[in-house]
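Reader: Please take a close look at the aromatic side chains here and at what surrounds them. I would like the pairings, the burial and the packing in one connected account.

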Amino acid sequence: MELADDHEMTKRRQMADEFYGAVLADADRPWFVSDEASLYDIQAEDDDELVRRVRAAYGVTLRMPDDLRRPFWQLLDELQRLRS
């Protein structure tokens with residue numbers, strides 16, 4: 001099996017782990033996230049519930065569906081920027 005690159009996600013491992021702990025259920029925690037993956041690829045939660053959880057954890061309201069479709073590493077950067 002050949003997997004896509006994860007260079008960008010590797011740089012953001014700490015931010016991703018924080019996101020997983022704050023937003024995703026333990027059962028939904030991914031074991032690998034490529035640089036091409038979006039939130040749609042790594043979680044099974046209802047969109048509205050996901051937006052609610054992100055808002056509760058980060059104080060940021062995701063723009064649907066754009067933020068759910070963008071590469072997850074880019075979303076992590078945006079959440080960090082908006083939270084700061």
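**Aromatic residues and their surroundings**

Author: Phe32 counts as partly exposed, because its relative accessibility is 26%, a value between the 20% that bounds buried residues and the 50% above which a residue is exposed. The model is a predicted one. Trp31 has a relative accessibility of 75% and therefore counts as exposed.

The aromatic pairs number 4. One of them joins Tyr20 and Phe72, whose rings are stacked, with 6.0 Å from centre to centre and 15 degrees between the planes. Tyr20 belongs to helix 2 and Phe72 to helix 6, so this pair ties together parts of the chain that lie 52 residues apart in sequence. Both partners are buried: Tyr20 has a relative accessible area of 6%, and Phe72 has one of 0%. Trp31 and Phe32 make a pair that is tilted, with 6.0 Å between the ring centres and 40 degrees between the planes. Tyr20 and Phe72 are also members of one aromatic cluster, together with Phe19 and Tyr58.

The packing comes next. The largest nonpolar core holds 22 residues, and Phe19, Tyr20, Leu39 and Phe72 are those with the most contacts inside it. Helix 2, helix 3 (39–42), helix 4 (47–58) and helix 6 (72–83) each provide at least two of its residues. Helix 6 gives the largest share, 5 residues. As a general matter, nonpolar side chains tend to be buried together in soluble globular proteins. Leu39 shows how the core is connected: apart from neighbours within four places in sequence, Leu39 is in contact with Phe19 and Phe72, and also with Leu50, Leu62, Leu68, Arg70 and Leu75.

Tyr58, from the aromatic cluster, also takes part in lining the largest cavity, along with Met15, Glu18, Leu76, Leu79, Gln80 and Arg83. Helix 2 and helix 6 are the elements that give two or more residues to this lining, and the largest share, 4 residues, comes from helix 6. The space in this cavity is about 40 Å³. The count of cavities of 30 Å³ or more is 1.

Two loops complete the account. Ser34 sits in the loop between helix 2 (13–23) and helix 3. Ser34 has a relative accessible area of 11% and is therefore buried. Outside the residues up to four places away in sequence, Ser34 touches Ala4, Asp5, Asp6 and Met9. The C-alpha atoms of Ser34 and Ala4 are 5.6 Å apart, although 30 residues separate the two along the chain. The side chain of Ser34 also reaches the backbone nitrogen of Glu36, at 3.1 Å.

The other loop runs between helix 4 and helix 5 (66–69) and contains Pro65. The peptide bond from Met64 to Pro65 is cis, with omega near -5 degrees. For reference, most peptide bonds are trans.

How values were computed
Residues numbered from 1 in each chain as written. Predicted model: local features only at pLDDT ≥ 70, side-chain atom pairs only at ≥ 80, totals over all residues. Heavy atoms only, no water. Buried < 20%, exposed > 50% of the residue type's maximum accessible area, 1.4 Å probe, protein only. Contact = heavy atoms within 4.5 Å. Polar contact = N/O pair within 3.5 Å; in protein donor to acceptor, adjacent residues only side chain to side chain. Core = buried A, V, L, I, M, F, W, Y, C linked by side-chain atoms within 4.5 Å. Phe/Tyr/Trp six-rings, centres within 6.5 Å; stacked < 30°, edge-to-face > 60°. 1 Å grid on protein atoms, 1.4 Å probe; cavity = no way out; pocket = protein on both sides within 12 Å on 5 of 7 lines; lining within 4 Å. Points joined across faces, edges and corners; volume = space filled by probe spheres on them.
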